[in-house]
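Please walk me through this structure, beginning with the overall picture and ending with individual residues in their surroundings.

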Amino acid sequence: MWKQLIAGGLVIGLILVMSPSIAGAQALRFQPQGANAVGQGNAFAAQADDASAIHYNPAGLAQVEGVQAIFGTALLGGSIKYNAPSGANTRGDFGGTIVSPPPSHTYLSANLGALGLTNLSRVTVGLGLTSPFGLNTRYPVDGPFNTAATSATLPLLDIKPTVAYKVTDNLSIGLGADIYTFASFVGEGQAEQNQVGAGGASVELSGNGTGVGMNASLLYTPIKNGDGKPLASIGIVYRSQAVLPLHGGLLVNGVKVSDASTSLALPPIYTGAVALWPVRTTEREWKLELDVDVVAWKSYKDLNIYLSNGTTLPQPRQWKTVPVVSLGTEYKWLNPSWLPYWDVAARAGYTRTEDPVPDLTFNPATISLASNTLSLGAGFLCKQGGKFLGAIPCGGESVLWPKAIGFDVAYQEWFYESRTVMGNVNPTVNGTYNAFVHLGTFSLKFLF
């Protein structure tokens, strides 16, 4: 019963701490969803050994023991620079110097055997709340391309009920849903795009809705050490397309002039990952991992707006499928003599992201540039006998106290490649774009 009460409290906390996502290096996609993975360049699908497996590889949840909760957030800043062929220039940002509210992630997992259901000890269930797609960009209203966009926001949430099953000691499978929706407690609760129309009028398009996708995955560990820990792992993840029917309105100078509707297609994503542990003993662990995502943006063909008066506002997209390649490593000291009762990890990673958006349909509201991302991170897990922050016992005899408390931190710098857009359907968009983004994130972890 006490574990069920804890789980209920953590679900409430999950809902309270979530925030909307922001524009990322991958068009609408925002990849960082947990500090453990972020520190490794998001190369985590073949490791997936904490509750954030709900996002990175749900099958990995089968190796997460007991009850685990992760709460995390990211602090992100950066800017976008534009130079027109005429020499005009402007600068945009992602909603402020530091994005507010910050994009966040929360995960809760529970092995059913740990909850007393011994016949179901091979089953682990989880619930996640993340923001893997999103947009928040802002430009001056008197900028050179204000007829294309002055601001845009997409506070989209992904609710992720998940179940993992350990088929054998070497093979696990995972299955989950992705429920994409909007919520007013994380912002406007709707998608918005603003621009300047004829005569200098302020034009706003807004809408909200809910769409559902699914994910399926496996984790195979062909080689293990004497303690039963993986020395090699293979992860495969499929995330389906999800279509959000958005219903809202067209506003001119703040006055609604028509109902409006459209459909936002989120792409299917195929992930393959391999992890190797050249060193894995009772004292130290060293992991190397390669992940490759294939993001099928070709399913995002248009975002046409249909007005209730019969008018259609064409917004072609015609994006292309692109790969995202992530390399990551983690070196871990287990209960070292210089910090007893703790596990300490050092992490690093690299991510290469290609640009899916053609010049013809490029829109500054969705900034998309090829990028190289460097990551650094660290992890700390305090176990029974140690003290968190030098004062809080990390484990105790009380069943209401966690067995361990941990935290992970990571930093990413996104190095965007300069891009010159030519031949756009809106000539005011043509020009050269540069951007930079830096991100710091942390996750707090509780093991029961």
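A polar contact of 2.5 Å joins the side chains of Ser52 and Asp50, and this pair is a convenient place from which to enter what is a predicted model. Ser52 belongs to the loop that runs between helix 2 (35-38) and helix 3 (53-56). Its relative accessibility is 2%, and because buried means under 20%, Ser52 counts as buried. Once residues up to four places away in sequence are set aside, Ser52 touches Phe44, Ile70 and Tyr107.

The loop between helix 2 and helix 3 also holds Ala48, a residue that has a positive phi of about 40° although it is not a glycine. Most residues other than glycine have a negative phi. Ala48 has 0% relative accessibility and therefore counts as buried. A positive phi of about 50° is found again at Asn335, which is not a glycine either, and which is placed in the loop between strand 19 and strand 20. Asn335 has a relative accessible area of 43% and is therefore classed as partly exposed.

Before going further into the details, it helps to step back to the chain as a whole. The protein chain contains three helices and 26 strands, and its C-alpha atoms fill a box of roughly 70 × 40 × 40 Å when this is taken along the principal axes. With 448 residues, a compact globule would be expected to have a radius of gyration near 22 Å, and the 23 Å of the protein chain agrees with that. Buried residues account for 56% of the 448 residues. Among contacts between residues at least 6 apart in sequence, 69% join residues at least 24 apart.

The confidence of the prediction should be kept in mind while reading these values. The protein chain averages a pLDDT of 87, and 91% of the residues score at least 70. Over residues 1-25, however, pLDDT stays under 50, and for this segment the model has 77 contacts beyond four places in sequence.

The pairing of strands can be followed from the loop that holds Asn335, which lies between strand 19 and strand 20. Strand 19 (residues 322-334) pairs with strand 20 in the antiparallel sense over eleven bridges, and in this pairing Val325 stands opposite Arg352 in strand 20. Strand 20 also pairs with strand 21 (residues 371-383), again in the antiparallel sense, over twelve bridges, with Trp342 standing opposite Cys382 in strand 21. Strand 20 (residues 342-353) is itself mostly covered, since nine of its twelve residues are buried. In a regular strand the side chains alternate between the two faces of the sheet.

How is the nonpolar interior organised, and which residues have the most contacts inside the largest core? The largest nonpolar core has 49 residues, and those with the most contacts inside it are Leu76, Phe133, Leu156, Leu244, Leu264, Trp297 and Tyr433. Among the elements that each supply at least two residues of this core are helix 2, strand 1 (67-83), strand 8 (171-182), strand 13 (242-252), strand 14 (255-266), strand 19, strand 24 (404-416) and strand 26 (431-447). A second, separate core of ten residues includes Ile54, Leu61, Ala62 and Val64. In soluble globular proteins, nonpolar side chains tend to be buried together.

Two further serines, both placed in strands, complete the tour. Ser233 is found in strand 12 (residues 230-239) and, at 2% relative accessibility, counts as buried. Its contacts, leaving aside neighbours within four places in sequence, are with Ala46, Leu219, Tyr220, Thr221, Pro222, Ala273, Val274, Ala275 and Trp277. One of these, Thr221, is twelve residues away from Ser233 in sequence, and the two C-alpha atoms are 4.3 Å apart in space. Ser206, in turn, has its place in strand 10 (residues 202-208) and is buried, with a relative accessible area of 15%. The C-alpha atoms of Ser206 and Gly249 are separated by 5.6 Å, although these residues are 43 apart along the chain.

Note on methods
Residues numbered from 1 in each chain as written. Predicted model: local features only at pLDDT ≥ 70, side-chain atom pairs only at ≥ 80, totals over all residues. Heavy atoms only, no water. pLDDT = per-residue confidence, 0-100. Contact = heavy atoms within 4.5 Å. Helix = DSSP H or I, 4+ residues; strand = E, 2+ residues; numbered from the N terminus. Buried < 20%, exposed > 50% of the residue type's maximum accessible area, 1.4 Å probe, protein only. Polar contact = N/O pair within 3.5 Å; in protein donor to acceptor, adjacent residues only side chain to side chain. Pairing = 2+ DSSP bridges. Core = buried A, V, L, I, M, F, W, Y, C linked by side-chain atoms within 4.5 Å. Rg over C-alpha atoms; globule rule 2.2 N^0.38 Å.
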